[in-house]
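Trainee: I would like to look closely at a single part of this structure and see how its surroundings fit together. Could you take me through one such part slowly, step by step?

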Amino acid sequence: MLRERVSEDVYVFTSELYAQVTAGAVLSADGAIVIDTLPFPSETLEIVDFIQNKLSTPIKYVINTHYHADHTYGTCFFRRAEVIAHSKCRDLLHNVGRKGLADAKMESPELERVEIVLPDLIFENGNMDLHLGKKTLTLIHSPGHSPDSISVLVNEDRILFAGDMVMPLPYFVDGNIDDMTRSLQVIPSMGLENIVQGHGEVILRGEIDEAIRSSLRYLDNVRKKVTRTAERGKRRDDLTDIDIESCGKSRIPLGGLVAKLHQGNVYALYDSLMNESPKKKRARKAATAKKSPKQKHRKKK
């Protein structure tokens, strides 16, 4: 596990065992808040040891940014902490997470000690503020990667723990491309110093605007290319022509994993378009027509 101090009171932990997934800790005089956990017990226990023993700080809260295993499996090792998440995260952990863990344990003996922990405190609409010592964290519902996804803003440090809403490649297979776009569009106006991605390196202040623009361009390119393929009546096999580079992203980050994530995005979007109701298809085509340059030119005349 890699550890990075990104401000005086904020640490980021990055897994060396799985897809550079990240977790974080915000320290205050009254205790620590942990944001996400790592999937394998050995690395999560390193976090526990570092905060409680090396920093002599009690861990008061654990925030789950979403229900996916690589962010929640370590929650059970923070036994005295209160767990916070979106209400949909609680439902998904209970209904999907339990079965997923049972299956995972059959393949990975190192997960034997892992248990699903349901949040103690949940919120539904809007944002939620969490105060501890002189720190205020704002929990923001940011769907797109998954329906329960939240991001966490450390107000005093202007650091956003974005969960998997921000990754080297936007990934919406378990979520929705429109929700992802809306969630990302909010970020540039937040006045941030850093963004902690759900996977990968911390994004610094001077890199944030371009990182978000790049992700939004990617989503727009994927939408256009997959929609064109679907509307031309092409088959699923034809989607192999839509590679990651043609949509404006590199296949190098996360050890090349992003290429597989991109493929998942393409197939998921194609399937959703093919399963649309006729009414929804008409509405989407009408909305696309309104945005076309030809339509805008006619309005100016």
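Mentor: What follows is a walk that starts at one helix, moves into the core and the loops beside it, and ends at the strands and the sheet. Please keep in mind throughout that this is a predicted model.

Let us begin with helix α4, which spans residues 177-185 and whose buried residues are I177, M180, T181, S183 and L184. These buried residues cover an arc of only 165° around the axis, so they sit on the same side of α4. There is a general reason to expect such spacing along a helix: an α-helix has 3.6 residues a turn, so residues three or four places apart point the same way. As for what lies over that side, the cover of the buried residues of α4 includes α5 (205-231) and α6 (257-274). At the start of α4, a side-chain oxygen of N176 comes to within 2.8 Å of the backbone nitrogen of D178.

From the helix we can step into the core. The largest nonpolar core has 36 residues, and L184 is listed with V166, I187, L192, I195 and V226 as the residues that have the most contacts inside it. At least two residues of this core come from each of β11 (159-163), α4, α5 and α6. Another core lies apart from this one and has 22 residues, among them I35, I84, L132 and I150.

Which residues does V166 touch, once its neighbours within four places in sequence are left aside? They are L184, I187, I195, Q197, G198 and I203, and in that list L184 takes us back to α4, where L184 is one of the buried residues.

The contact with Q197 leads us onward to strand β12, where Q197 is found. With a relative accessibility of 7%, Q197 counts as buried, because the cut-off for buried is under 20%. A polar atom of the Q197 side chain lies 2.7 Å from the backbone oxygen of E201. Beyond its neighbours within four places in sequence, Q197 is in contact with T22, G163, V166, M167, P168 and I203.

Further along the chain is H199, in the loop between β12 (194-197) and β13 (203-204). Is H199 buried or exposed? H199 has a relative accessible area of 5%, and it is buried. A polar atom of the H199 side chain is 2.8 Å from the backbone oxygen of A19. When neighbours within four places in sequence are set aside, the residues in contact with H199 include T22, M167 and P168, and these three names also appear among the contacts of Q197. The contacts of H199 also include Y18, D70, H71, D164 and L254.

We can now turn to another region, around strand β9. Six of the seven residues of β9 (135-141) are buried, so that the strand is mostly covered. Strand β8 (residues 127-132) is joined to β9 by six bridges, and the two run antiparallel, with H131 standing opposite T136. Two residues lie between the strands of this hairpin, where G133 takes a positive phi near 60°. Five bridges join β9 to strand β10 (residues 150-154), again with antiparallel strands, and here I140 stands opposite S151.

Just beyond, in the loop between β10 and β11, lies N155, which is partly exposed, with a relative accessible area of 24%. The side chain of N155 reaches the backbone oxygen of T136 at 2.8 Å, and the contacts of N155 outside its neighbours within four places in sequence are T136, L137 and T138.

Finally, consider the sheet. Seven strands form an open sheet with mixed pairing, in the order β1-β2-β3-β4-β5-β6-β7. At its edges stand β1 (2-7) and β7 (121-123), each with a single partner strand, so one side of each is left without a neighbour in the sheet. From one strand to the next, the twist averages 20°. Within the sheet, strand β5 (residues 59-63) and strand β6 (residues 82-86) run parallel and are joined by three bridges, and I63 has I84 in β6 as its bridge partner. Helix α3 (residues 87-107) packs on the sheet, where it touches β6 and β7, and its direction makes about 100° with that of β6.

Methods
Residues are numbered from 1 along each chain as its sequence is written. This is a predicted model: local features need pLDDT of at least 70, side-chain atom pairs count only at pLDDT 80 or more; totals for chains, interfaces and linings use all residues. Side-chain values use heavy atoms; hydrogens and water are left out. Buried means under 20% relative accessible area, exposed over 50%, partly exposed in between (1.4 Å probe, protein chains only). Helices (H or I, at least four residues) and strands (E, at least two) are DSSP runs, numbered from the N terminus. The arc is that of the directions from the helix axis to the C-beta atoms. Contact means heavy atoms within 4.5 Å. A polar contact is a pair of N or O atoms within 3.5 Å; within protein, one must be able to donate a hydrogen and the other to accept it, and residues adjacent in sequence count only if both atoms are side-chain atoms. Two strands pair if DSSP finds at least two bridges between them. A nonpolar core is a set of buried Ala, Val, Leu, Ile, Met, Phe, Trp, Tyr and Cys residues joined through side-chain atoms within 4.5 Å. Axes are lines fitted to C-alpha atoms, for helices over the stretch in contact, and angles run from 0 to 180 degrees between N-to-C directions.
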